[in-house]
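Here are my notes on this one, as numbered points. Have the sequence and the model open while you read.

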Amino acid sequence: MTLPRFYPIFDSADWVARGLDSGARLIQLRIKDADEAALRAEIARARDMARAKGALLVVNDHWRLAIDLGCDWLHLGQEDLDDADLPAIRRAGLRLGVSTHDEAELDRALATRPDYVALGPVWPTILKAMKWAPQGLARVTAWKARTGDVPLVAIGGLTPERGRAALAAGADVVSAVTDITLNPDPEARMREWLDATGEGARASGAEGYLDQTDSGGDTGR
């Protein structure tokens, strides 16, 4: 599977809309504190906007709602895996991404037959407190040797310049959060990311991304 190389993460459907309008074609919706009605509305709205743009929306954590709302992609952290019903997620046709931070977590992630693996933090991050030290580019290269055909997402402390370095080190996809949301001109920053990852030139062909994930079922990995 070939995924878009630029992967912003946002905490609202409004931010998803800004990302889509800027040209992003792979976006994660990560909402941690909201009641179920608000979550349902945000996920449904983001899902519909992404589909209208031929883009991929990844729902963080809320696997039951992702199934119920007929979403296409789901991201789970290691703690999320403890409670997730993986057979139900696969029966629903959801593609799955999993966070990893060390070798044991990578082994656990690969056992789920994921559709991508995320490694972080590659550089220091201000998004949340981390018990792991920055992984560095050498770990990106080592992780890619382990994941093989499974796409590897680099996350944590990335800038467009660091994103290029992570891609050169072996990452398939690079992800950003606060580098965009705390920037005084988020749209301009997203355009920088698209240029840095080569996604700007590919935007006109982005409709194909949705087709790759819309057939449902397990990927066989």
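1. Terms first: helices (H or I, at least four residues) and strands (E, at least two) are DSSP runs, numbered from the N terminus. On that basis α1 is followed by G23, whose phi is positive, near 115°. This is a predicted model, where local features need pLDDT of at least 70 and side-chain atom pairs count only at pLDDT 80 or more, while totals for chains, interfaces and linings use all residues. Residues are numbered from 1 along each chain as its sequence is written, and side-chain values use heavy atoms, with hydrogens and water left out.

2. The overall picture. The chain has 12 helices and 8 strands. Of its 221 residues, 54% are buried; buried means under 20% relative accessible area, exposed over 50%, and partly exposed in between (1.4 Å probe, protein chains only). About 9,400 Å² is exposed, with carbon and sulfur atoms supplying 49% of it; these areas come from the Shrake-Rupley method with a 1.4 Å probe, and for residues only the protein chains shown count as cover. Among contacts (heavy atoms within 4.5 Å) with a separation of 6 or more, 57% are between residues 24 or more positions apart.

3. Now the barrel. 8 strands close into it in the order β1-β2-β3-β4-β5-β6-β7-β8, with parallel pairing. Two strands count as paired if DSSP finds at least two bridges between them. Averaged over this sheet, neighbouring strands are turned by 25° against each other, direction ignored. Axes here are lines fitted to C-alpha atoms, for helices over the stretch in contact, and angles run from 0 to 180 degrees between N-to-C directions.

4. How many bridges close the ring between β1 and β8? There are 3, and the two strands run parallel. Y7 has S175 in β8 as its bridge partner. On the other side, β7 (residues 152-154) is joined to β8 by 2 bridges, again parallel, and A154 has V174 as its bridge partner there. β7, helix α8 (residues 160-169) and β8 make a right-handed β-α-β unit. Right-handed means that, with the strands pointing away from the viewer, the path from the first strand over the helix to the second runs clockwise. Both faces of β8 are covered, with V173 and S175 buried on one side and V174 and A176 buried on the other.

5. β1 is worth a look too. 5 of its 5 residues are buried: F6, P8 and F10 point one way, Y7 and I9 the other. That fits the usual pattern, in which the side chains of a regular strand alternate between the two faces of the sheet. β1 is joined to β2 by 2 parallel bridges, and F10 has L29 as its partner in β2. From β1 the chain crosses through helix α1 (residues 13-22) to β2, and this β-α-β crossover is right-handed. Next along, β2 (residues 26-29) pairs with β3 (residues 56-60) in the parallel sense over 4 bridges, with I27 standing opposite L57.

6. Helix α1 is mostly covered, with 7 of its 10 residues buried. These are A13, W15, V16, A17, G19, L20 and S22. What covers them includes β1, β2, α2, β3, α9 (178-181) and α10.

7. Which residues touch the most other members of the largest nonpolar core? V16, L74 and I180 do, in a core of 54 residues. A nonpolar core is a set of buried Ala, Val, Leu, Ile, Met, Phe, Trp, Tyr and Cys residues joined through side-chain atoms within 4.5 Å. Helix α2 (residues 36-52) gives the most to this core, with 6 residues. Leaving aside its neighbours within four places in sequence, V16 is in contact with F10, I27, L29, A46, M49 and L57. Apart from this core lies another, of 10 residues, including L56, V58, Y116 and V153.

8. One loop residue to check: Q135, between β6 and α7 (137-147). Is Q135 buried or exposed? Q135 counts as buried because its relative accessibility is 13%. Not counting residues up to four places away in sequence, Q135 touches H101, L119, G120, P121 and V122.
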